[in-house]
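Here are my notes on this one, in the order I would go through them with you at the screen. Have the two chains open side by side.

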2 protein chains.
Amino acid sequence: MQVKSGYTAAVLGKTYDNQVCSAARALELVGERWSLLIIRDALFAGSSRFSDWLRLGIATNILKNRLDGFTEAGIMERRTASRNPEHFEYLLTDKGRDLAPAIVALTEWGDRWAAPNGPPILYVHSVCGGAITQQTTCANCGRVHDPAEVTVRPGPGMPPDIAARMDGNPSGDAQVGSTH
Amino acid sequence: MQVKSGYTAAVLGKTYDNQVCSAARALELVGERWSLLIIRDALFAGSSRFSDWLRLGIATNILKNRLDGFTEAGIMERRTASRNPEHFEYLLTDKGRDLAPAIVALTEWGDRWAAPNGPPILYVHSVCGGAITQQTTCANCGRVHDPAEVTVRPGPGMPPDIAARMDGNPSGDAQVGSTH
């Protein structure tokens, strides 16, 4: 269950190891300061070289740390872009590109709650120019508008003892996925 | 444009102030270590009292800092739950509950890329029991399956000088939303 790497062990002072939860695993890989903004710029601003991200105002040692971590975690791939002088480029893998929905969802939350002048950025479908949104969808009855209607149940990856605790406590006051 | 508060100024050693971007604003409010896991448990595990979150394994000073910050940012509301002894409960506001899509999207990424035993948690629609997913959707042509098809354009909240730079550089190598 635990997906550990040298990156999470070395970079994060404290991981969420006791959390049996994919959100926690995701945050171990991309929840550090600047991480999602670096990936955002790789996705949507064409950033691929070290100097591209320096425009964020990020310190070079932190940027190096993040890019090394993304490379080790398979979120980016490092390639030699030129020799003499040697330059590298960092390209998102499928795993990295697949963070787009989470970044779009965070952006939409910021648009709704922290953008008094309106959205600074609009997401657009490159194929047809339509507006892109993240929608919470029920496979059975369609779009879900009220987040209070989203509940959790143990899945196949949940250790049986914790799953039993969750099932025996449908009111929701069991700790989701905690091994404590 | 900049939405600052005592919280972001006091809590975050370095904010993303130079980023004209709602994802950056969102991360200033909920991007600190433990923040999204605290909100996850308020959303899906019924956590509402200080002691509920201690099961996460989070240090008390960090938890207090996060709950104070969420309260100040309007993500949670603090209420007196009992007197003698005095106990508080922290309840998500609409703004806080509205983080569900971002948390579901991060979970789904973790499920796809960091859950070799399968998803530990399944999101379920409380109304009908259907499976909940986050879908990237184009208002014009429906569901978008390839994140590479999501592009950005300046929105109404983007300062004109940066918007002009973005529009003049449709290949995408302008810095999204950076004031640098």
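What percentage of the contacts in chain A with a separation of 6 or more is accounted for by residues 24 or more positions apart? The figure is 41%. Keep in mind throughout that we are looking at a predicted model.

1. **Chain A on its own.** The count is eight helices and six strands. Going along the sequence, the order is α-α-α-α-α-β-β-α-α-β-β-β-β-α. Chain A has 180 residues, and 44% of them are buried.

2. **How the copies relate.** A turn of 180 degrees, with a shift of 0.0 Å along the axis, lays chain B on chain A with an RMSD of 0.0 Å. The two copies are thus related as by a two-fold rotation axis. The interface agrees: 100% of the interface residues of chain B are interface residues in chain A as well, so the copies meet through the same surface.

3. **What the interface is made of.** On each side of the contact between chain A and chain B there are 91 residues. Several elements of chain B each supply at least two residues to the side that touches chain A, including helix H2 (22–30), helix H6 (94–97) and strand S4 (132–138). H7(B) gives the largest share of that side, with 13 residues. Sorted by class, the side of chain B that touches chain A holds 51 nonpolar, 28 polar and 12 charged residues.

4. **The sheet across the two chains.** Look next at the open sheet of four strands, which runs S5(A)-S4(A)-S4(B)-S5(B) with antiparallel pairing. Its edge strands are S5 (142–143) of chain A and S5 (142–143) of chain B, each pairing on one side only. In the middle, S4 (residues 132–138) of chain A pairs with S4(B) over seven bridges, in the antiparallel sense. To find the register, start from Cys138(A), which stands opposite Ile132(B) in S4(B).

5. **Helices on that sheet.** Helix H7 (residues 100–113) of chain A packs on the sheet and touches S4 of both chain A and chain B, with its direction at about 100 degrees to that of S4(A). H7(B) likewise lies across S4 of chain A together with S4 of chain B, and runs at about 100 degrees to S4(B).

6. **A second strand pairing between chains.** Strand S6 (residues 150–154) of chain A pairs with S3(B) in the antiparallel sense, over five bridges. Within that pairing, Val152(A) has Tyr123(B) as its bridge partner, and Arg153(A) is opposite Leu122(B). Strand S3 (residues 121–125) of chain B is mostly covered, with four of its five residues buried.

7. **H2(A) against H7(B).** These two helices pack at about 85 degrees, and their axes are 7 Å apart. H2(A) and H7(B) are therefore roughly perpendicular to each other. The residues of H2(A) that meet H7(B) are Ser22(A), Ala23(A), Arg25(A), Ala26(A) and Leu27(A); on the H7(B) side, the residues include Ile103(B), Leu106(B) and Trp109(B). This contact has six nonpolar, three polar and two charged residues.

8. **H2(A) against H3(B).** Helix H2 (residues 22–30) of chain A also packs with helix H3 (residues 35–44) of chain B, here at about 170 degrees and with the axes 10 Å apart. That angle is over 145 degrees, and H2(A) and H3(B) are therefore roughly antiparallel to each other. Ala23(A), Ala24(A) and Leu27(A) meet Leu36(B), Leu37(B) and Arg40(B). By class, the contact of H2(A) with H3(B) has five nonpolar residues, no polar ones and one charged.

9. **One residue to check: Glu108(B).** Is Glu108(B), in helix H7 of chain B, buried or exposed? Glu108(B) has 23 C-beta neighbours inside 10 Å, so this residue counts as buried. Leaving out residues up to four places away in sequence, Glu108(B) touches Thr133(B) and Gln134(B). From Glu108(B) to Tyr123(B) is 15 residues in sequence, and 9.7 Å in space from C-alpha to C-alpha.

Notes:
Residues are numbered from 1 along each chain as its sequence is written. Chains are lettered from A and ligands numbered from 1 in the order in which they are written. This is a predicted model: local features need pLDDT of at least 70, side-chain atom pairs count only at pLDDT 80 or more; totals for chains, interfaces and linings use all residues. Axes are lines fitted to C-alpha atoms, for helices over the stretch in contact, and angles run from 0 to 180 degrees between N-to-C directions. Angles under 35 degrees count as roughly parallel, over 145 as roughly antiparallel, 65 to 115 as roughly perpendicular and the rest as oblique. Two residues are in contact if their C-beta atoms, placed from the backbone, lie within 7 Å. Ala, Val, Leu, Ile, Met, Phe, Trp, Tyr, Cys and Pro count as nonpolar, Asp, Glu, Lys and Arg as charged, and the others, Gly among them, as polar. A residue is buried if 20 or more other C-beta atoms lie within 10 Å of its own, exposed if 12 or fewer, and partly exposed in between; C-beta atoms are placed from the backbone. Two strands pair if DSSP finds at least two bridges between them. Copies are superposed by least squares on the C-alpha atoms of residues with pLDDT of at least 70 in both.
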